[in-house]
Amino acid sequence: QEGGDDEVLARGRELYQTGCSSCHGAAGQGVVTEDGEVRGPSLEAAGEAGAFYFLSTGRMPLANPEEQPTRHDPAYTDEQIEALVAYVGSLGDGPEIPEVDPAAGDLPRGGELFRENCQACHSASGSGGALSFGRAAPRLGPATPTEVGAAVRVGPGQMPVFDEAILPDDELDSLVRYVEFLGDPEDPGGLPIGRTGPVPEGFVAWIVGMGGLLVLVAWI
């Protein structure tokens with residue numbers, strides 16, 4: 001088994017040197033240009049969770065370091081991602097990939113945690129939203145439970161880090177269960193307009209209502 005782990009690390013190192021080292025440095029220490037711009041941050045604190053999140057969601061590798069990473073199809077196979085995750089995890093003491101079990105979570109508690117910590121950026125429906133400096137919080141719908149858990153533990157971009165001391169594993173299960181619920185909520189009534197939130201949906205209702213009123217006035 002140890003020999004197998006060594007082979008995985010060696011493969012991960014090879015992939016890293018080819019596709020990641022130009023921005024993150026040969027040893028994951030990060031790269032700063034002569035102008036003081038950060039081409040790629042250090043990966044010493046990224047851990048397996050950080051590598052898994054960015055690679056499995058296709059946010060890395062990034063063609064232009066100045067752009068915000070967005071979700072794409074992964075550039076690597078599952079086996080390659082496993083090797084890269086193992087290698088990046090060996091560079092420091094970053095967080096491991098959390099074992100998430102949404103079925104064990106409590107849905108109402110997950111809703112409370114989401115509204116307290118996530119709604120301000122990702123919106124009440126999990127559809128994402130604008131942030132400062134031209135950035136944006138992504139839509140949560142496509143994310144798998146493990147990807148959500150990894151993001152919570154590593155805090156990508158402007159997102160805060162929620163470690164086990166802040167958000168224990170049982171509460172992480174509840175939060176992920178609620179995020180899954182947002183992807184297919186039980187709506188007892190009404191006509192949702194893409195689940196974009198109360199403000200834009202209310203704006204559409206106002207336009208339709210005023211338009212109908214004007215048509216009625218003209219008819220009278």
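This is a conversation about reading features in a predicted model.

Biologist: Let's start with rings. How many aromatic pairs does a search of the whole structure find?

Modeller: The search turns up 4 aromatic pairs. One of them joins Tyr-16 and Tyr-87, with 5.3 Å centre to centre and 50 degrees between the planes. Two rings count as a pair if their centres lie within 6.5 Å, and planes neither under 30 degrees nor over 60 degrees apart are called tilted, so Tyr-16 and Tyr-87 make a tilted pair.

Biologist: Which parts of the chain does that pair link?

Modeller: Distant ones: Tyr-16 sits in helix α1 (residues 2–19) and Tyr-87 in helix α4 (residues 78–89), 71 residues apart.

Biologist: Are Tyr-16 and Tyr-87 buried or exposed?

Modeller: Both Tyr-16 and Tyr-87 are buried.

Biologist: And where do Tyr-178 and Phe-181 lie?

Modeller: Both are in helix α8 (residues 169–183), 3 residues apart, which is about one turn of the helix. Their rings form a tilted pair too, at 5.7 Å centre to centre with 35 degrees between the planes. Add Phe-114, and you have one aromatic cluster of Phe-114, Tyr-178 and Phe-181.

Biologist: Why does Tyr-178 count as buried?

Modeller: Look at relative accessibility: buried means under 20%, exposed means over 50%, and partly exposed is in between. Tyr-178 has 12%, so it counts as buried. Phe-181 has 24%, so that residue counts as partly exposed.

Biologist: On to helices. At what angle do the axes of α3 and α4 cross?

Modeller: Picture a line through each helix. The axes of α3 (residues 47–56) and α4 cross at roughly 145 degrees and come within 7 Å. The crossing is right-handed.

Biologist: Which residues make the contact?

Modeller: From α3 it's Gly-47, Glu-48, Ala-51, Phe-52, Leu-55 and Ser-56, and from α4 it's Ile-81, Leu-84, Val-85, Ala-86, Val-88 and Gly-89. Sorted by class, the contact of α3 with α4 has 8 nonpolar, 3 polar and 1 charged residues.

Biologist: Can we zoom in on a single residue there? Where is Ala-51 found, and what does Ala-51 touch?

Modeller: Ala-51 is found in helix α3. Leaving aside residues up to four places away in sequence, Ala-51 touches Val-85 and Val-88. With a relative accessible area of 7%, Ala-51 is buried. For a sense of scale, Ala-51 and Val-204 are 41 Å apart in space, C-alpha to C-alpha, and 153 residues apart in sequence.

Biologist: At what angle do α3 and α7 pack?

Modeller: At about 130 degrees, with the axes of α3 and α7 (residues 145–154) 8 Å apart. That angle makes α3 oblique to α7. Here the crossing is left-handed.

Biologist: Which residues of α3 and α7 meet?

Modeller: Ala-49, Gly-50, Phe-52, Tyr-53 and Ser-56 in α3 meet Thr-146, Glu-147, Ala-150, Ala-151 and Val-154 in α7. By class, that contact divides into 6 nonpolar, 3 polar and 1 charged.

Biologist: How many residues of α7 are buried?

Modeller: 8 of its 10 residues, so α7 is mostly covered. Among them are Glu-147 and Arg-153. The buried residues of α7 pack against α3 and α8. After α7 comes Gly-155, with a positive phi near 65 degrees.

Biologist: What should I know about phi and peptide bonds in general?

Modeller: Most residues other than glycine have a negative phi, and most peptide bonds are trans. Now look at Ser-123: its phi is near 75 degrees, a positive value in a residue other than glycine. Ser-123 lies in the loop between α6 (119–122) and β3 (129–130), and at 17% relative accessibility Ser-123 counts as buried.

Biologist: Is the peptide bond from Met-60 to Pro-61 cis or trans?

Modeller: The bond from Met-60 to Pro-61 is cis, with omega near 5 degrees. Pro-61 lies in the loop between α3 and α4.

Biologist: One last loop: where is the place of Ala-27, and what does Ala-27 touch?

Modeller: Ala-27 is in the loop between α2 (21–24) and β1 (31–32). Not counting residues up to four places away in sequence, Ala-27 touches Tyr-16 and Leu-91. At 45% relative accessibility, Ala-27 counts as partly exposed.

Technical notes: Residues numbered from 1 in each chain as written. Predicted model: local features only at pLDDT ≥ 70, side-chain atom pairs only at ≥ 80, totals over all residues. Heavy atoms only, no water. Phe/Tyr/Trp six-rings, centres within 6.5 Å; stacked < 30°, edge-to-face > 60°. Helix = DSSP H or I, 4+ residues; strand = E, 2+ residues; numbered from the N terminus. Buried < 20%, exposed > 50% of the residue type's maximum accessible area, 1.4 Å probe, protein only. Axes fitted to C-alpha atoms, helices over the stretch in contact; angles between N-to-C directions. Left-handed = near helix turned anticlockwise from the far one by under 90°. Contact = heavy atoms within 4.5 Å. Nonpolar A, V, L, I, M, F, W, Y, C, P; charged D, E, K, R; others polar. Parallel < 35°, antiparallel > 145°, perpendicular 65-115°, else oblique.
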